Amino acid sequence: MRKRRKFYSGAVNHVYQRTLDGVQLFYCDIDCMVFFTIFAVCARSSDVRVLEICLMHNHVHLLIQTETMHELSHFMDHCTAWFVREYNSFAGRSGKLFKKNYGSAPKWDEKKLRSAIIYIGNNPVEKHFCKNAAEFRWNFLAYGQSGNPFSAPLIKSKASQYLKKAIKEVDLMVSLNLPLKYAQLIRMTDKLSPIEYEQFVDYVINAYSPIDYKGLASYFKSFDSMLHAMSSTTGSDFDIKESRDDFSLQAFREIISHIKEKMPLHAVRKVTVWPLDEKIKLYNELLLKTTASGKQICKFLHIKA
């Protein structure tokens with residue numbers, strides 16, 4: 001029998017959503033932006049308070065607050081189902097992407113909540129994606145201190161016509177409380193320079209962000225002290241059973257580098273819907289030309305090991 005989900009009205013919940021069989025989910029920034037803008041729209045459309053979110057390559061960590069378990073379940077179902085529809089439509093695939101049941105653990109004790117905050121922020125550090133939590137774009141911590149932590153300051157009057165047009169379109173979508181779609185993001189970023197591309201990503205995150213950074217920092221002396229705590233300890237959350245993951249950043253980068261020679265970065269995820277014989281051919285190439293293990297390559301290509 002399924003274990004009954006613990007829930008306490010008004011408590012902050014650490015929510016953990018993993019893909020089926022631990023397969024790759026986020027292949028590039030566009031995947032992350034599509035998920036994040038859908039998540040933000042869903043959060044704004046419901047009574048959900050967002051304290052923290054971290055997007056890893058095959059799972060998502062959230063720290064959110066709802067008044068009822070129904071609100072939490074509805075929010076998670078709506079958000080993930082919407083993303084899967086967009087993801088499948090663009091990749092040309094069908095079927096489920098996430099495990100049926102998400103994990104959740106209420107944090108009614110401030111000590112446990114602080115530990116969970118540190119644990120979520122440090123997830124990319126623990127997985128060797130960065131040395132310090134704020135260096136990772138997709139845990140969004142850096143945006144609590146800066147509007148452009150990963151790019152040069154954006155001066156709209158000096159931006160190219162392409163960036164100006166893209167920003168105007170983002171502003172319109174935010175005003176309509178609609179997320180950004182794959183084809184839309186590819187079109188908007190196609191003619192941006194590398195510098196303007198990074199400015200655009202930072203702009204999208206700031207424009208959509210539903211994260212309550214003041215509320216997050218309130219569990220510590222300050223935002224800086226929270227980041228310092230993250231650099232001093234990894235945190236822990238024994239209420240969430242996170243599977244061991246052997247997918248390293250180095251393996252991911254090597255696989256991406258090899259596949260980019262065959263197709264644009266935004267189309268890389270489409271290898272997951274190739275015929276099995278073509279996947280096996282690519283699998284053998286990657287096994288020979290990268291340091292990725294067979295298991296890592298299977299997760300990347302969505303092959304059952």
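Three helices, α1 (29–44), α7 (194–208) and α10 (249–259), each put at least two residues into the lining of the second largest pocket. Bear in mind that this is a predicted model. Among the helices, α10 gives the largest share of that lining, with five residues.

How much space are we talking about in the second largest pocket? About 710 Å³. A total of 25 residues line the pocket, and C28, D29, W138, L249 and F252 sit closest to its centre. Sorted by class, the lining splits into 16 nonpolar, six charged and three polar residues.

Now for the helix pairs. Two of the pocket's helices, α1 and α7, also pack against each other: their axes come within 9 Å and cross at roughly 15°. Angles under 35 degrees count as roughly parallel, so α1 is roughly parallel to α7. The crossing of α1 past α7 is left-handed. On the α1 side, the contact is made by D29, M33, F36, T37, A40, V41 and R44. Facing them from α7 are Y197, F200, V201, V204, I205, A207 and Y208. Eleven of the residues in this contact are nonpolar, two are charged and one is polar. D29 turns up twice in this story: it belongs to the α1 side of the helix contact, and it is also one of the residues closest to the centre of the second largest pocket.

Further along the chain there is another pair to look at, α11 (residues 276–289) and α12 (residues 294–301). They pack at an angle of about 140°, and their axes are 10 Å apart. Why is this pair called oblique? An angle has to be over 145 degrees to count as roughly antiparallel, so α11 ends up oblique to α12. Here the crossing is right-handed. From α11, the residues making the contact are K279, L282, Y283, L286 and L287, while α12 brings in G294, I297, C298 and L301. By class, that contact holds seven nonpolar residues, one polar and one charged.

Here are the two pairs side by side.

| Helix pair | Angle | Axis distance |
|---|---|---|
| α1 and α7 | roughly 15° | within 9 Å |
| α11 and α12 | about 140° | 10 Å |

To tie it together, α1 and α7 both help line the second largest pocket and touch each other in a left-handed crossing, whereas α11 passes α12 in a right-handed one.

Technical notes: Residues numbered from 1 in each chain as written. Predicted model: local features only at pLDDT ≥ 70, side-chain atom pairs only at ≥ 80, totals over all residues. Heavy atoms only, no water. Axes fitted to C-alpha atoms, helices over the stretch in contact; angles between N-to-C directions. Helix = DSSP H or I, 4+ residues; strand = E, 2+ residues; numbered from the N terminus. Parallel < 35°, antiparallel > 145°, perpendicular 65-115°, else oblique. Left-handed = near helix turned anticlockwise from the far one by under 90°. Contact = heavy atoms within 4.5 Å. Nonpolar A, V, L, I, M, F, W, Y, C, P; charged D, E, K, R; others polar. 1 Å grid on protein atoms, 1.4 Å probe; cavity = no way out; pocket = protein on both sides within 12 Å on 5 of 7 lines; lining within 4 Å. Points joined across faces, edges and corners; volume = space filled by probe spheres on them.
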